[in-house]
Amino acid sequence: MIKSLKSLLSISIGLALLLSSCTKQEEKSDFIVNELAIARLDSTLQAYVNSGNVAGISALIFEKDQEVYFNAFGYANKEKNIPMQRNTIVQIYSMTKPITGTSLMTLYEEGKFQLDDPLEKYAPEFANMKVYQGVDENGKMILVDTERPVTIRDITRHTGGFPNRDNIPGLSEVMKEKDARSYENTLTVMAEKIGSTPLWFQPGTQWEYGQSVDVQAFLVERISGIPYEEYVYEHVLGPLQMSDTRYVVREEDLDRFSAAYQRTGEGELTQMPDSVAHAFNLKKWPLTPGGFGLTSTLDDYMTFARMLVNEGSLKGTTILKPETVKLMATNHLPDSVTERSWLPSKGRVGFGIDFAVRTDPPASAEEMNGVVGEFFWDGAASTLFWVDPVNELTAVLFVQLFPYDGIRLHKNFRDAVYGKYVPTPN
């Protein structure tokens, strides 16, 4: 009798394990990042290194709260024979922006401001701004009053009117002279300089990438009364245990700080001197910008992305409410904003609060691939991340390559993840 019970128990356990295994296999086959995708990813990333167009590259992908892909190829520092690794530290440049936006929105949740509040309500540095209308026959700028004040919503979606080009007659010269983004400026000095520079266009009428997120960092500091670097650590980086995400790389971590490379031609790379490429991150400066400047690792930035795909919480730590994340990941650009600079090159997207937001599927296989509802951003050194809530997928791609993605890296990486886009027949 006892033997029979033991046999039945063994059979039951075996069947349970078999069913569990089958269920897991069925679940895995439904994943976007399956065995075929993994093979595509490996071959795509390896090919960039083999061709000599990238020194080192790495990627990390989570799907349905599981790690489904990691690999690293090539070198973080080719000259020193240091391989690209999971804990390699890179400069994330504009991928700093979503972290700043998250910091700002923690204050929004506390009722400290509304998105359509005038910026000047909290920062008189931005009161009575003028708008550029060109130059007269003597080269003097023609200025008019703003039709409405710059709002906080404007600085979260890049419609504030702040100039960001070096070819605007008269205005670009003023920008260069003021040098608002000098590392020697505090955020307050930076804000004074931006606020005293004429706007390029009327607030809310165009999309123009620029200094808006640096102004967000200043606003966080002004509203909270806490230095921005302290605030972002206390409210975002610290709670998420993102200990490798910071402005200054510690001396003991310099051996895993990736070199930066300039692509000068097909298969031709030149390492940029650390004294130039890493100038901002090797010492503490007065400026703590919101739009650039942080360094990070794959796992740190993935932690941030997973918090977002989980609607503001991760592993029992809540940074934002689900409705706040949804607000950030919603397109805030009205159809009336038709001038959008290079934003359309990212795909059929609008812009939320410090993220591009995909509003429509690609119309052809040549367009940037992605899923409607995803939100994402990238960095000057060709880094990229996105959050795909539909498939519960987050992806982070790290490389240190200038100029910005001239080799269709982002396009090919996305195609490797999802498979090449096939338009639906009409």
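Two residues are in contact when they have heavy atoms within 4.5 Å of each other. Keep that in mind while you look at the whole chain: among contacts between residues at least 6 apart in sequence, 69% join residues at least 24 apart.

**Before you click**

This is a predicted model, in which local features need pLDDT of at least 70 and side-chain atom pairs count only at pLDDT 80 or more, while totals for chains, interfaces and linings use all residues. Residues are numbered from 1 along each chain as its sequence is written, and side-chain values use heavy atoms, with hydrogens and water left out.

**Stop 1: the whole chain**

Switch to a cartoon view. You can find 12 helices and 17 strands; these are DSSP runs numbered from the N terminus, with helices being H or I of at least four residues and strands E of at least two. The radius of gyration is 24 Å, close to the 22 Å that the globule rule gives for 426 residues, so the chain is as compact as a globular protein of that length. That radius is taken over C-alpha atoms, and the rule is 2.2 Å times the number of residues to the power 0.38. Along the principal axes, the C-alpha atoms fill a box of roughly 100 × 55 × 50 Å.

Buried residues make up 52% of the 426, where buried means under 20% relative accessible area (1.4 Å probe, protein chains only).

**Stop 2: helix H12**

Select residues 409–418. Nine of the 10 residues in this helix are buried, so H12 is largely enclosed by the rest of the structure. Colour Leu 409, Phe 413 and Val 417, which are among the buried ones. What do the buried residues of H12 pack against? Their partners include helix H2 (35–50), strand E1 (56–63) and strand E16 (393–399). Just after the helix comes Gly 419, with a positive phi near 85 degrees.

Now zoom in on His 410, which lies in H12. At 2% relative accessibility, His 410 counts as buried. Beyond its neighbours within four places in sequence, His 410 is in contact with several residues, including Met 368, Asp 378, Ser 382 and Tyr 404. Try a distance label from His 410 to Ser 382: they are 28 residues apart in sequence and 8.0 Å apart in space, C-alpha to C-alpha.

**Stop 3: the largest pocket**

Rolling a probe the size of a water molecule over the atoms shows where empty space is left. On a 1 Å grid over the protein atoms alone, a cavity is a set of points where a 1.4 Å probe fits but cannot get out, and a pocket is an open set with protein on both sides within 12 Å along at least five of seven lines; lining residues have an atom within 4 Å of a point.

The largest pocket has a volume of about 570 Å³. Select Tyr 93, Ser 94, Arg 181, Phe 292 and Ala 380, the closest to its centre of the 28 lining residues.

**Stop 4: the cavities**

How many cavities of 30 Å³ or more are there? The count comes to three. The largest cavity holds about 60 Å³ of space, and its lining includes Glu 229, Lys 283, Lys 284 and Trp 285.

For your last selection, go to the second largest cavity, with a volume of about 50 Å³. Val 54, Tyr 75, Met 84 and Leu 401 are among the residues that line it.

Conventions. Grid points are joined across faces, edges and corners, and a volume is the space filled by probe spheres set on the points. Buried means under 20% relative accessible area, exposed over 50%, partly exposed in between (1.4 Å probe, protein chains only).
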